[in-house]
Amino acid sequence: MKKLPVVVLGAGFGGLELTSILSDTMGNDLDLTLVDQNDTFFFGFSKLDVMFGHKEPGSVKIPYSSIVKTGVKFRKETIKTIDPVTRTVTTQSGAYEADVLVVALGANYDFNATHGLIEHGNEYYSFDGALKLRDVIPQFKKGHAIIGVCGAPFKCPPAPSEAALMLHDYLVKAGRRNACTISIVMPFGSPIPPSPDSSKALLQAFDERGIRFIPQHKVASLNMNKAVLDDGSEMPFDLFLGIPKHVAPDVVLQSGMAVDGWIPVDRKTLMTRFPDVYAIGDVTSVGTPKAGVFAEGAAKIAAASILARFQGRQNETGYSGAGSCYIEFGKGQVARVDVDFFSGPKPFGVHHDASEALTIDKEHFGSSRKARWFGLE
Ligand SMILES: Cc1cc2nc3c(=O)[nH]c(=O)nc-3n(C[C@H](O)[C@H](O)[C@H](O)COP(=O)(O)OP(=O)(O)OC[C@H]3O[C@@H](n4cnc5c(N)ncnc54)[C@H](O)[C@@H]3O)c2cc1C
């Protein structure tokens with residue numbers, strides 16, 4: 001039997017999950033090439049650990065060279081062009097032609113979209129930004145810290161709240177909390193809109209810790225030491241931790257696959273409007289938040305669709321848009337919200353209170369992916 005030539009672009013949450021499923025289910029019938037520009041993977045949430053000095057940068061990176069899977073080759077290459085009609089991809093090293101192409105290239109950041117962000121502020125959404133903050137945060141001795149969202153959609157909607165609660169803990173431990181104030185500027189009406197209970201728990205935690213929550217606003221620009229909000233109001237700051245505007249990678253925008261900035265997909269199959277070209281995760285406009293758990297959920301459905309096509313049948317399982325997000329509450333405790341975006345008439349979330357047991361649950365979440373994707377303990 002002819003092997004199925006599959007090319008997966010991007011070895012993040014979505015690409016790794018899809019690759020693992022296809023290798024496990026198709027084995028030697030698979031001829032999959034997984035392409036990523038980096039040589040290591042790291043979980044998005046590890047950036048919070050790195051910026052507050054909880055973990056060493058080297059300890060959170062997992063080398064792609066660990067991937068040993070039947071029917072899978074990893075290539076560290078930068079993708080230069082994607083032709084979704086011919087399913088041809090070029091990189092700096094050559095070209096790939098696929099029967100099935102999967103685009104899992106995630107979201108990039110447009111730092112220049114927020115005037116002054118790089119000159120006067122900081123961001124913790126890139127690994128380099130988190131790394132830089134390891135030296136910046138210890139210098140913050142007094143004054144006002146703002147955690148500010150500069151554009152929506154953005155990855156992991158709980159992450160601004162998590163950064164505020166972790167900064168609070170850091171400052172308490174350093175004996176500086178009384179000299180500092182913390183605010184969060186967020187474009188939503190509540191911290192986690194689909195879960196009123198999670199939002200309530202977070203707002204209560206902010207209240208108890210004296211953290212100010214400013215809803216329904218974005219940071220439009222930074223003017224020296226003032227954050228200018230989208231209504232023109234100004235907030236002086238001494239430390240700015242920004243969530244930059246997100247964009248699809250240039251190679252995706254240039255491929256003609258995106259509509260209004262992101263790749264539209266069929267919710268049932270995760271196929272784009274180009275036959276046998278799938279897109280999963282943050283690069284899509286599927287309607288779930290940009291988070292690893294949703295990229296993973298989409299990967300499961302795309303893998304099932306690809307497998308069904310190979311076996312000459314239809315995949316009957318649609319994408320429910322369900323996933324569980326962990327929320328760092330500080331003080332060594334983690335909460336969880338189980339959200340379902342597509343099963344009901346509107347998205348709904350079930351909140352699980354912060355506890356040490358859920359901290360262990362989150363650790364297991366990371367270690368189980370490390371085992372599944374990389375075969376590492
Ligand atoms: C601070 C922070 C905390 C977070 N916490 C959580 C959390 O607790 N839970 C959760 O579920 N999610 C969390 N996230 C979000 C999560 O990291 C992302 O949503 C997730 O990684 C998206 O998966 P993806 O597969 O779509 O893209 P990614 O994981 O971003 O993978 C995309 C891959 O494509 C590669 N790539 C891009 N362009 C090219 C190119 N031209 N050539 C070659 N390779 C390319 C990249 O190198 C990357 O490896 C967090 C994010 C941040 C920033």
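# Worked exercises on a predicted model

Histidine 120 belongs to helix α3, which covers residues 117-120. The structure is a predicted model, and the exercises below are worked from it.

## Exercise 1. Histidine 120

Task: Decide whether histidine 120 is buried, exposed or partly exposed, and find which residues it contacts outside its own stretch of sequence.

Solution.
1. Count the other C-beta atoms within 10 Å of histidine 120: there are 17.
2. A residue is buried at 20 or more and exposed at 12 or fewer. Histidine 120, with 17, is therefore partly exposed.
3. Leave aside neighbours within four places in sequence. The contacts of histidine 120 are then Leu222, Met224, Asn225 and Phe240.
4. For a distance check, take tyrosine 170, which is 50 residues from histidine 120 in sequence; the two C-alpha atoms are 22 Å apart.

## Exercise 2. Domains and their contact

Task: State how the protein is divided into domains, and describe the contact between domain 1 and domain 2.

Solution.
1. Domain 1 is made of two segments, 4-107 and 248-310, and domain 2 runs over 115-246.
2. The contact draws 14 residues from domain 1 and 17 residues from domain 2.
3. Sort the domain 1 side by class: 9 residues are nonpolar, 2 are polar and 3 are charged.
4. The C-alpha centres of the two domains are 30 Å apart.
5. Compare with the record: UniProt, in an unreviewed entry, places "domain: FAD/NAD(P)-binding" at residues 6-286. Over residues 6-286 the chain is 25% helix and 29% strand, with its end C-alpha atoms 22 Å apart.

## Exercise 3. The largest nonpolar core

Task: Find which residues touch the most other members of the largest nonpolar core, and where this core lies.

Solution.
1. The core holds 116 residues, and Val102, Val103, Ile280 and Ala302 touch the most other members.
2. By element, the largest share comes from α8, with 9 residues.
3. Both domain 1 and domain 2 give residues to the core, so it lies between them.
4. Take valine 103 and set aside neighbours within four places in sequence. Its contacts are Leu9, Ile82, Val252, Met257, Ile263, Val277, Ala279 and Val283.

## Exercise 4. Helix α8 and the residue that follows

Task: Work out what span helix α8 should have, and compare it with the distance between its end C-alpha atoms.

Solution.
1. Helix α8 has 19 residues, 292-310.
2. The expected span is 1.5 Å times one less than the number of residues, which means 27 Å for α8.
3. The end C-alpha atoms of α8 are 27 Å apart, in agreement with that value.
4. Just after α8, glycine 312 has a positive phi of about 70°.

## Exercise 5. Glycine 323

Task: Place glycine 323 in its element and decide whether it is buried or exposed.

Solution.
1. Glycine 323 is part of strand β21, residues 322-330.
2. Within 10 Å there are 21 other C-beta atoms. The cut-off for buried is 20 or more, so glycine 323 is buried.
3. Beyond four places in sequence, glycine 323 contacts Ala291, Val293, Phe294, Gly297 and Val339.
4. Asparagine 108 is 215 residues from glycine 323 in sequence, and their C-alpha atoms are 22 Å apart.

## Exercise 6. Backbone angles in loops

Task: Locate aspartate 260 and lysine 331, give their phi values, and classify their exposure.

Solution.
1. Aspartate 260 is in the loop between α7 (250-255) and β20 (277-279). Its phi is near 55°, which is positive in a residue other than glycine.
2. Aspartate 260 has 6 C-beta neighbours inside 10 Å and therefore counts as exposed.
3. Lysine 331 sits in the loop between β21 and β22 (333-340). Its phi is also positive, about 55°, although lysine 331 is not a glycine.
4. With 14 other C-beta atoms within 10 Å, lysine 331 is partly exposed.

## Exercise 7. Two prolines

Task: Find which peptide bond at proline 153 is cis, and describe the surroundings of proline 187.

Solution.
1. The bond from alanine 152 to proline 153 is cis, with omega near 5°.
2. Proline 153 lies in the loop between β12 (143-149) and α5 (159-173).
3. Proline 187 lies in the loop between β13 (180-185) and α6 (196-209).
4. Proline 187 has 19 C-beta neighbours inside 10 Å, so it counts as partly exposed.
5. Not counting residues up to four places away, proline 187 touches Val149, Ala152, Gln216, His217 and Lys218.
6. Phenylalanine 154 is 33 residues from proline 187 in sequence and 10 Å from it in space, C-alpha to C-alpha.

Note on methods. Residues numbered from 1 in each chain as written. Predicted model: local features only at pLDDT ≥ 70, side-chain atom pairs only at ≥ 80, totals over all residues. Domains from an automatic or database assignment. Contact = placed C-beta atoms within 7 Å. Nonpolar A, V, L, I, M, F, W, Y, C, P; charged D, E, K, R; others polar. Helix = DSSP H or I, 4+ residues; strand = E, 2+ residues; numbered from the N terminus. UniProt positions renumbered as here; feature names shortened; annotations may be inferred. Core = buried A, V, L, I, M, F, W, Y, C linked by C-beta atoms within 7 Å.
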